[in-house]
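Take a moment to turn the model around before reading on. We'll walk through helices, then a sheet, then some hidden empty space.

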Amino acid sequence: MKKTLILMAILLGYYGYSQSKLDGYIETGLKNNEIIKQHNFDINKSLYALKEAHSLFYPSVSLNTNYTKADGGRTIDIPIGDMLNPVYSTLNQMTNSNAFPTLQNQSVLINPDNFYDAKIHTTMPLLNFEIIYNKRIKTQQSSLQKIELEIYKRELVKEIKIAYYKYLQSIEGIKIYEDALKLVKENQRVNQSLFKNDKINRTAVLRSDNEVIRIEANLEIAKQTSNNAKAYFNFLLNQKLDSEIEVDSENELLPNAMVNENTQNREELSKLSIVKELNGNVNKLTQSYWFPKLSAFTDFGFQDFDFEINKDSRYYFAGVALEWNIFSGNKNKFKLKQVEEDTKKINSQIDNVKQQLLLQFQVTQNNLKSALEQFNANKNQKESAKKYNDDITKLYKEGQAIYIELLDAQNQWVNAQLNTNIALYNSWIAFAELERANATFTLNN
């Protein structure tokens with residue numbers, strides 16, 4: 001551990017790197033990413049669903065009106081003539097008048113004709129456990145959406161960092177090949193001059209020509225690799241693929257990569273914890289089937305024939321409704337069994353995910369240690385290769401070394417630079433993966 005920290009200090013002191021530009025790109029990526037926007041839409045949708053669940057506690061008021069026009073069909077026969085005409089006839093004889101008319105039997109339609117009914121209908125839940133648990137479930141679903149967004153943001157931050165480091169790795173590789181190209185072209189010029197003066201044979205000239213072609217090809221590959229790295233980085237930022245990428249010129253120390261294990265704060269575990277709570281409320285929601293539902297209702301309105309409105313047309317109608325399920329063929333009993341099995345599954349998932357996250361942390365931390373060890377080894381090889389190349393170059397100019405020796409020294413020098421560059425940014429990539437595994441990057445919400 002102590003040795004690794006020393007290597008990290010060497011890395012940071014020798015290749016210090018400022019995060020200011022990268023932090024700005026991360027902020028841009030989090031702002032512009034389309035998947036994040038889609039997650040925000042889902043969060044907004046879940047919040048509206050929560051408000052919808054909350055609104056079920058309030059009264060529901062509606063205006064209901066109807067008008068009926070009827071003819072034919074069933075009737076109610078009222079023998080009013082048979083009942084009153086004998087009485088009226090006796091009264092007319094006693095009063096010696098026709099004051100009491102003869103009445104006809106009536107047949108009244110059951111369906112009301114030319115009848116209207118206009119009312120304001122209000123319902124209000126008084127006791128309904130389904131509404132209570134439904135609101136709790138919607139609240140937890142909204143929290144799940146937010147955690148899903150946090151998880152995606154962390155993955156995006158990691159991908160942006162890795163893509164940025166790979167781009168830096170590629171442009172540094174271009175610089176190394178450009179310097180190497182200058183070197184082999186100078187060798188080509190020198191060898192051609194020596195060949196003209198009959199100091200070397202044609203083999204050295206041909207070999208130097210081939211080296212120029214090889215380095216030019218490698219340089220072109222490096223440029224295309226850099227273009228691909230740039231395109232992918234800009235893709236993550238949701239901007240034009242050929243947009244220029246700024247690189248920090250100032251050197252600053254990074255935070256210590258050897259962090260304490262922090263996987264218990266991973267959003268994945270928080271997500272499973274909420275899922276467990278949500279499943280508990282689903283259990284209670286299912287159990288609420290056995291509880292009664294109590295609600296109240298009122299009607300205030302007018303009803304009459306021929307659109308008449310008077311004091312007799314006004315009416316109100318109110319009541320309380322109780323619903324209590326007695327038997328459903330054990331349907332809810334089996335639903336509860338399903339929920340209980342889901343609970344067992346979630347508990348198992350939590351234990352498994354804890355182990356997976358801990359394993360991920362340990363693996364990424366070990367990868368970072370290995371990357372730092374590799375960088376230190378390559379850095380030492382780079383220093384040795386530079387000294388060896390300088391010595392052989394001097395000997396070659398003095399005629400004490402052959403071209404094959406010079407070529408071998410130069411290739412070792414170029415490869416050492418490339419390997420050190422690769423190891424350097426592989427360390428940054430390993431650091432980004434460790435940061436993701438430990439959830440230590442601070443997200444600004």
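Right after helix α8 comes Gly399, and the phi angle of Gly399 is positive, near 80°. Keep in mind as you look that this is a predicted model, so every number here is computed from predicted coordinates.

Now back up along α8 itself. This helix covers residues 331-397, which makes 67 residues. How far should a helix like that reach, at 1.5 Å a residue? The expected span is 99 Å, and the end C-alpha atoms of α8 are 94 Å apart, so the two figures agree. UniProt has something to say about this stretch too: an unreviewed entry lists residues 336-398 as a "coiled-coil region". In the model, that span is 98% helix and 0% strand, with its end C-alpha atoms 91 Å apart.

You can try the same check on another helix, α4, which runs over residues 80-95. With 16 residues at 1.5 Å each, α4 should span 22 Å, and its end C-alpha atoms are indeed 22 Å apart, which agrees. Look at what follows α4: it is Asn96, with a positive phi near 50°.

Next up is the sheet. Four strands make an open sheet, and if you read across it the order is β1-β4-β5-β6, with antiparallel pairing. The strands at the edges are β1 (60-68) and β6 (314-323), each of which pairs on one side only. From one strand to the next, the twist averages 20°.

Let's step across that sheet, starting at β1. Strands β1 and β4 pair in the antiparallel sense over 9 bridges. One spot to find is Asn66, which stands opposite Asp117 in β4. Now which residue in β5 does Asp117 stand opposite? That partner is Gln303. So you can hop from Asn66 to Asp117 and on from Asp117 to Gln303. Between β4 (residues 115-127) and β5 (residues 293-305) there are 12 bridges, and these two strands run antiparallel. Another pair to look for here is Phe115, standing opposite Phe305 in β5.

Finally, let's hunt for empty space. Rolling a probe the size of a water molecule over the atoms shows where such space is left. How many cavities of 30 Å³ or more does the structure hold? There are 2.

The largest cavity has a volume of about 60 Å³. Its lining is made by Arg154, Val157, Lys158, Ala432, Glu435, Arg436 and Phe441. Helices α5 (129-196) and α9 (403-438) each supply at least two residues of that lining. Sorted by character, the lining has 3 nonpolar residues, no polar ones and 4 charged ones.

The second largest cavity has a volume of about 40 Å³. Around it you'll find Ala180, Leu183, Val184, Arg214, Ile215, Gln410, Asn411 and Val414. Here α5, α6 (202-236) and α9 each give at least two residues to the lining. This lining divides into 5 nonpolar, 2 polar and 1 charged.

Technical notes: Residues numbered from 1 in each chain as written. Predicted model: local features only at pLDDT ≥ 70, side-chain atom pairs only at ≥ 80, totals over all residues. Heavy atoms only, no water. 1 Å grid on protein atoms, 1.4 Å probe; cavity = no way out; pocket = protein on both sides within 12 Å on 5 of 7 lines; lining within 4 Å. Points joined across faces, edges and corners; volume = space filled by probe spheres on them. Nonpolar A, V, L, I, M, F, W, Y, C, P; charged D, E, K, R; others polar. Pairing = 2+ DSSP bridges. Axes fitted to C-alpha atoms, helices over the stretch in contact; angles between N-to-C directions. Expected span 1.5 Å × (residues − 1). UniProt positions renumbered as here; feature names shortened; annotations may be inferred.
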